[in-house]
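Subject: Structure handover

Hello,

Please find the structure below. My notes on it follow, arranged by topic.

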Amino acid sequence: MFKFLHTADLHLGKIFYEHSLLEDQAVMLEQLGEILSDTSYSALLIAGDIYDRSIPSPEAVALFGGFLEKLRAARPDLAILILPGNHDSAPRLGFGRELFAKLGIHIAAGPEQGFEPVLVTRQGESCAFFLLPFLYPGCLGEPAPESSSPGDPVRSQGRLAEIAAARLETARLKAVEAGASLTVLGAHLFTLGGRESESERIFLGTAEQVDANLFAGFDYTALGHLHRFQKVGAHTWYSGSPLAYSFDEALDTVGPDQEKAFLSVELAPGAGPMVTPIPVKPLRKLRRLRGSFNFFYRDSTNDPVVKEAENDYLEITLTDTALIDNPLPLLRPRFPQLLSVKQGEAFARLFAGSDDAVPAFTGKKRSPEEDFADFLTGLYGEADTGKLGLFRELLTELDQGAEQ
């Protein structure tokens, strides 16, 4: 029996509603390390999106580096297998990969490396791991006869996956002929029929979705990209993200089968994979609550559901028919981790022309420059002054053109 742990979509350094999740992620990684202290595990496979941004913050890099250092010290025999997702920069993630490989940390920084197996042997079982990074448009070309030059670059995710799958199957058969008793594929992609969440970057159109049956030859396919834990093929699983990163993954939305987890995978030649979810205990849960403003502001002190949620990450939907002016800072003393307040019913009545609705926007109107600054901050952690200056110049040119 060969046993390994499958996870993905760590998104280290993620900013959620302007709130850093590094503390929560540190607790999650600590749990992962504790699970892997069990010496029956031969490998850890992280199927992409290690970081939330292609240029991760120094704090996020330090967090992951510290995790790897502790894990390597505690389990020097554990194979660590990493591939980049669409949020990662493959060249940055793959820096020093040759050196790390000597320490048992294997990183596939490019698609060509995905066709070269990493062989892990433990207790008589030899498992060949193939690590396929996220396939960017143009990273592979159409197959061509050996006597000709490579074909045109391929743009579609679906076609890229078909080309990669054909090459992977050839490489898989060679690994089996060379003595591998098991084969595992790690990949970062969006399969047909997979259930997505609001926190993923999803492509439009089925041409960008991949048929999981392309990889049916592998004993197990460990996927990343979709944040919901799910089975999408006979031997194919998404581990999902180990933490909830959108409110559609909140406790009131998902069922017990959607509890965030790491996947413990056990393989034996000739048998299907035995997959066991190991629940992650988050530092703070994500919850959504619904009620009137006065209920949350003064009347819910003894409500057991509200009391249990006081220190969790919250999204509150107000049921008032009139708009409440700036409710978030009014409610935050009671709910310090309140991240979002929605007033959909009041807005609907306002836009429908109801006399009961009271417009609550008393502050100044935001400018396009302010919105762009917030966009840059959300994407990179800060608003670059050079980009802001260029944006300002473009706005001026646009205004001058409109006047003419």
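Start with Arg159, which is partly exposed, with a relative accessible area of 30%. Bear in mind throughout that this is a predicted model.

Salt bridges

Arg159 has a partner: its side chain meets that of Glu142 in a salt bridge, with 2.8 Å from N to O. Arg159 belongs to helix α5 (residues 157–177), while Glu142 sits in the loop between β8 (125–132) and α5, so the pair ties together parts that are 17 residues apart in sequence. Glu142 is partly exposed too, at a relative accessible area of 29%. As background, side chains of opposite charge can pair when their charged atoms come close.

The structure holds 20 salt bridges, and a few others are worth finding on screen.

Arg287 and Asp312 are joined through their side chains, at 2.4 Å from N to O. Here Arg287 is part of strand β15 (residues 286–291) and Asp312 is in the loop between α7 (304–309) and β16 (313–318), so this salt bridge ties together parts that are 25 residues apart in sequence. Are these two residues buried or exposed? Arg287 has 14% relative accessibility and counts as buried; Asp312, at 10%, also counts as buried. The cut-off behind both calls is under 20% relative accessible area.

Glu98 forms a salt bridge with Arg97, and the closest N and O atoms are 3.9 Å apart. Glu98 counts as exposed, with 53% relative accessibility, whereas Arg97 is partly exposed at 22%.

Salt bridges also link Glu23, Asp24 and Arg284 into a network.

Nonpolar cores

In soluble globular proteins, nonpolar side chains tend to be buried together. In this model, the largest nonpolar core has 38 residues, and Leu12, Leu44, Ile50, Phe64 and Ile82 are those with the most contacts inside it. At least two residues of this core come from each of α1 (22–35), β4 (43–47), α2 (58–74), β5 (79–83) and β6 (105–107). The element that gives the most is α2, with 6 residues.

Which residues does Phe64 touch, leaving aside its neighbours within four places in sequence? Phe64 is in contact with Leu10, Leu12, Ile46, Ile50, Tyr51 and Ile82. Apart from this core lies another, of 26 residues, which includes Phe130, Leu132, Val154 and Ala187.

An open sheet

Strands of a sheet pair through backbone hydrogen bonds, either parallel or antiparallel. In one open sheet of this model, 3 strands follow the order β15-β16-β17, and the pairing is parallel. The edges are taken by β15 and β17 (338–342); each has a single partner strand, so one side of each is left without a neighbour in the sheet. On average, neighbouring strands of this sheet are turned by 20 degrees against each other, direction ignored.

Between β16 and β17, the parallel pairing runs over 4 bridges. To find a matching pair of positions, look at Thr317, which stands opposite Lys342 in β17.

Cysteines

How many disulfides are there? The count comes to 0, taking a disulfide as a pair of cysteine sulfur atoms within 2.5 Å. Among the cysteines, Cys127 is buried, with a relative accessible area of 0%, and Cys139 is partly exposed, at 28%.

Regards

Conventions. Residues are numbered from 1 along each chain as its sequence is written. This is a predicted model: local features need pLDDT of at least 70, side-chain atom pairs count only at pLDDT 80 or more; totals for chains, interfaces and linings use all residues. Side-chain values use heavy atoms; hydrogens and water are left out. A nonpolar core is a set of buried Ala, Val, Leu, Ile, Met, Phe, Trp, Tyr and Cys residues joined through side-chain atoms within 4.5 Å. Buried means under 20% relative accessible area, exposed over 50%, partly exposed in between (1.4 Å probe, protein chains only). Contact means heavy atoms within 4.5 Å. A salt bridge is a side-chain nitrogen of Lys or Arg within 4 Å of a carboxyl oxygen of Asp or Glu. Two strands pair if DSSP finds at least two bridges between them. Axes are lines fitted to C-alpha atoms, for helices over the stretch in contact, and angles run from 0 to 180 degrees between N-to-C directions.
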